[in-house]
Amino acid sequence: MNTHNNSVATDERSAINWVAVFSALLVLLAVLYAFRDGLQLMVTWWEEWPEYNHGYLIPVVAAYILLLSANDFRSTVQTRAWSGLIVVGLGLFLLVLGELSAVYTIIQYGFLCTLIGLVAYSVGWSSTAVVWAPLAYLFFMIPLPDFLYKNLSNELQLLSSQFGVLFLRLVGVSVFLEGNVIDLGVFKLQVAEACSGLRYLFPLMSFGFLCAYLYQGKTWQKI
């Protein structure tokens, strides 16, 4: 009799788990549909901008990090956190703001904000803290706003130009710098936008975060 009751209880728990998984998938599909404009544009940027070609790998790596956290996640007490709905509300506010302003980066950040809020609402903040790394890693898939990208690119171009001139002068070459143009007298060299280093900086930042998370060492060493 006890064996029969145990099997029935196990079946009921399995059914509840499947219902929870199915419900979570429906909610995720609804969120993806609501934020579809910003997410589609994000994928387009991955294709068009060499600096963000690694964006396709970010969700895959985040899923791998989530898998590594599975055992710790199961050991936590999972209770609903109603305060997570406040974060969801903030994400939906960013969705509306992004749609009205046509600044789709706001929509993309709103998507991640909504995702974090839903996780917190479903399993609680203590369980969400266990999977903070894969959630944080997803932020690397969002390109910088265009104005910030251009300003950063221009500043790094000038920095590259200054370093180039510094090394030329160290080896005794007479050179004059005007903006991002290196004047050698006989001819001029222009430090192009590709020389800003952003094509390497963005992928290496995401890879550095992954290495720091996986590295078994002290916090200062990870930093």
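Begin by selecting helix α9, residues 146–170, which lies across strands β1 and β2 and runs at about 175° to β1. As you look, keep in mind that this is a predicted model.

**The sheet beside the helix**

Now add the strands to your selection: three of them form an open sheet in the order β1-β2-β3, with antiparallel pairing. The edge strands, each of which pairs on one side only, are β1 at residues 176–178 and β3 at residues 188–190. If you turn the view so that you look across the strands, you can follow how neighbouring strands of this sheet are turned by 20° against each other on average, direction ignored. In general, the strands of a sheet pair through backbone hydrogen bonds, either parallel or antiparallel.

Next, select strand β2, residues 181–183, together with β3; these two pair in the antiparallel sense over three bridges. Which residue of β3 stands opposite V181? It is Q190, and V181 itself has its place in strand β2. Show the atoms around V181 and, leaving aside neighbours within four places in sequence, you will find that V181 is in contact with F176, K188, L189 and Q190. V181 has a relative accessible area of 25%, and because buried means under 20% and exposed means over 50%, V181 counts as partly exposed. To return towards the helix where the tour began, select S161 as well: the C-alpha atoms of V181 and S161 are separated by 7.4 Å, although the two residues are 20 residues apart along the chain.

**The whole chain**

Zoom out and colour the protein by secondary structure, which will show 11 helices and three strands. Read from the N terminus on, the elements run as nine helices, then the three strands, and then two helices. Of the 223 residues in the protein, buried residues make up 31%. Among contacts between residues at least 6 apart in sequence, 69% join residues at least 24 apart.

**The nonpolar core**

Select F35, Y52, F111, L138 and M141, which are the residues with the most contacts inside the largest nonpolar core, a set of 31 residues. Several helices each supply at least two residues of this core, among them α2 (36–48), α5 (84–101) and α10 (198–214), as well as the α9 that you have already met. The largest share, five residues, comes from α6.

Stay with L138 for a moment and display its surroundings: apart from neighbours within four places in sequence, L138 is in contact with I58, P59, A62, L112 and L115.

Then move to T114, which has its place in helix α6. Is T114 buried or exposed? T114 counts as buried, because its relative accessibility is 2%. Leaving aside neighbours within four places in sequence, T114 is in contact with V31, F35, V88, G91 and L92, and F35 is one of the residues with the most contacts inside the largest core.

**The largest pocket**

Turn on a surface and look for the largest pocket, in which about 1,200 Å³ of space lies. The pocket is lined by 28 residues, and those closest to its centre are A24, L118, V119, S122 and V123, so these five make a good selection for finding the place. The helices α1 (2–34), α3, α4 (70–74), α6 and α8 each supply at least two residues of the lining, with the largest share, eight residues, coming from α1.

**Three single residues to finish**

Select R36, which lies in helix α2 and is partly exposed, with a relative accessible area of 32%. Add I107 and draw a distance between the C-alpha atoms: R36 and I107 are 9.2 Å apart in space while being 71 residues apart in sequence.

Go on to A102, in the loop between α5 and α6, where phi is near 60°, a positive value in a residue other than glycine. Most residues other than glycine have a negative phi. A102 counts as partly exposed, at 48% relative accessibility.

The last stop is C211, whose place is in helix α10. With a relative accessible area of 36%, C211 is partly exposed, and its C-alpha atom is separated by 8.1 Å from that of K222, which lies 11 residues away along the chain.

Methods: Residues are numbered from 1 along each chain as its sequence is written. This is a predicted model: local features need pLDDT of at least 70, side-chain atom pairs count only at pLDDT 80 or more; totals for chains, interfaces and linings use all residues. Side-chain values use heavy atoms; hydrogens and water are left out. Two strands pair if DSSP finds at least two bridges between them. Helices (H or I, at least four residues) and strands (E, at least two) are DSSP runs, numbered from the N terminus. Axes are lines fitted to C-alpha atoms, for helices over the stretch in contact, and angles run from 0 to 180 degrees between N-to-C directions. Contact means heavy atoms within 4.5 Å. A nonpolar core is a set of buried Ala, Val, Leu, Ile, Met, Phe, Trp, Tyr and Cys residues joined through side-chain atoms within 4.5 Å. Buried means under 20% relative accessible area, exposed over 50%, partly exposed in between (1.4 Å probe, protein chains only). On a 1 Å grid over the protein atoms alone, a cavity is a set of points where a 1.4 Å probe fits but cannot get out, and a pocket is an open set with protein on both sides within 12 Å along at least five of seven lines; lining residues have an atom within 4 Å of a point. Grid points are joined across faces, edges and corners, and a volume is the space filled by probe spheres set on the points.
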